[in-house]
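Visitor: I'm new to this. Could you show me a structure and tell me how each label earns its name?

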Amino acid sequence: MSINPDAPLQSDRNLAMELVRVTEAAAISASRWIGRGDKNSADGAAVDAMRRAFDSVAITGTVVIGEGEMDEAPMLYIGEKVGSGGPEVDIAVDPLEGTSICARGMPNAIATLAVAEKGGFLHAPDIYMDKIAVGPGLPDGVVHIDASPKENLRNLAQAKKSAIEDLVVCTLDRDRHKDIIRACREAGARIMLIPDGDVAGVVACSQPEAGVDMYIGWGGAPEGVLAAAALRCIGGQMQGRLIYEDDAQRERAKSMGITDPDRIFGVEDMARGDVMFSATGVTTGAMLRGVQRTANRAITHSIVMRSKTGTVRYIEGHHNFAIKPNLFVA
């Protein structure tokens, strides 16, 4: 993502910090709705803040993973152009991953986005994707989406030189996962059930402090691309396969360039080239602390990653509303 060929590293560093400001703005705005039982207002606040914050970012960005088609979403829709001008990049966004958990005041809601070189992201339709992911530093192919949970856990335990009983598997708390949950428990592994937020769940595999060894299960395909972008930056393995509920979904995927409906996508199939990823916690979870608000201040906790250097930075932002009341340019 060479903004200036004479100083690409410095330019990338500047852009990475600008992306953090975008997710901070979305998280701060969404935090007003934590625990208030109104997921639509929480999501709307995050979307509006993120869209406004993009206006000051020096890119010519195209949203390829967003809030839906132009006739479905008023902003951050697929195909929308954002930024104040600069290099052409593709953008994947989820202004509030975990709308329901934010509304209920539960853990793990985040504001997140990723940026790649033009053409760098898989154009994933808004359908389910079967996923499996593990963290960095493991042999290639240590787990496989078509292997049984028991086989994957056995291979992962061997690679980590641990017992299966020491492993933690993260998955969404859904009825469709009951067989996976049962198989993992029968193999001896422990289960971390999350109500929503599988981007955070996948990324947690790469964060030792999160205590997650493997992510498995069905979640949104767009969220799969965002998670792959994070793993592209920090390391780790992920496989995903689209799940079709009807012929219309197959045709939708085909229209977006996915010609093999049964293809297994790896990390670099979903996020290629130079990639940046940013996320800010809305409610506290395994990866990030949530927004702390007072009358005139907010404290945010964010992560920003760059694939070019493999650098991961945690950023704590202290926002003084008395000095800078415009939350959209936090």
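Guide: Sure! Keep in mind that this is a predicted model. Let's begin just past helix 8: there you find Gly-257, with a positive phi near 95°.

Visitor: And at the other end, what makes Asp-246 a cap of helix 8?

Guide: Look at its side chain. One of its oxygens lies 3.2 Å from the backbone nitrogen of Ala-248. A polar contact needs N or O atoms within 3.5 Å, and helix 8 covers residues 247–255, so Asp-246 caps the N-terminal end.

Visitor: Why is the pair Glu-18 and Arg-21 called a salt bridge?

Guide: Check the gap: the closest N and O atoms of Glu-18 and Arg-21 are 2.7 Å apart. The cut-off is 4 Å, so the pair earns the name. By this rule the count comes to 11 salt bridges.

Visitor: What separates Glu-18 from Arg-21 along helix 1?

Guide: About one helical turn, because they are 3 residues apart in helix 1, which runs over residues 8–31. Residues three or four places apart in an α-helix point the same way, since a turn takes 3.6 residues.

Visitor: Zooming out, how do you know that the chain agrees with a compact globule?

Guide: For 330 residues, such a globule would have a radius of gyration near 20 Å; the chain has 19 Å, so the two agree. Its C-alpha atoms fill a box of roughly 55 × 45 × 40 Å along the principal axes. Inside you'll find 9 helices and 14 strands.

Visitor: Which stretches make up the domains?

Guide: Domain 1 takes 12–120 plus 274–328, while domain 2 is 128–270. Their C-alpha centres lie 23 Å apart. The contact takes 29 residues from domain 1 and 22 residues from domain 2.

Visitor: What makes up the buried area between domain 1 and domain 2?

Guide: Together they bury about 2000 Å², 70% of it on carbon and sulfur atoms. Between them there are 4 residue pairs in polar contact and 0 salt bridges. On the side of domain 1 that touches domain 2, the residues divide into 18 nonpolar, 7 polar and 4 charged.

How values were computed
Residues numbered from 1 in each chain as written. Predicted model: local features only at pLDDT ≥ 70, side-chain atom pairs only at ≥ 80, totals over all residues. Heavy atoms only, no water. Domains from an automatic or database assignment. Contact = heavy atoms within 4.5 Å. Buried area = accessible area lost by both parts, 1.4 Å probe. Salt bridge = Lys/Arg side-chain N within 4 Å of Asp/Glu carboxyl O. Polar contact = N/O pair within 3.5 Å; in protein donor to acceptor, adjacent residues only side chain to side chain. Nonpolar A, V, L, I, M, F, W, Y, C, P; charged D, E, K, R; others polar. Helix = DSSP H or I, 4+ residues; strand = E, 2+ residues; numbered from the N terminus. Rg over C-alpha atoms; globule rule 2.2 N^0.38 Å.
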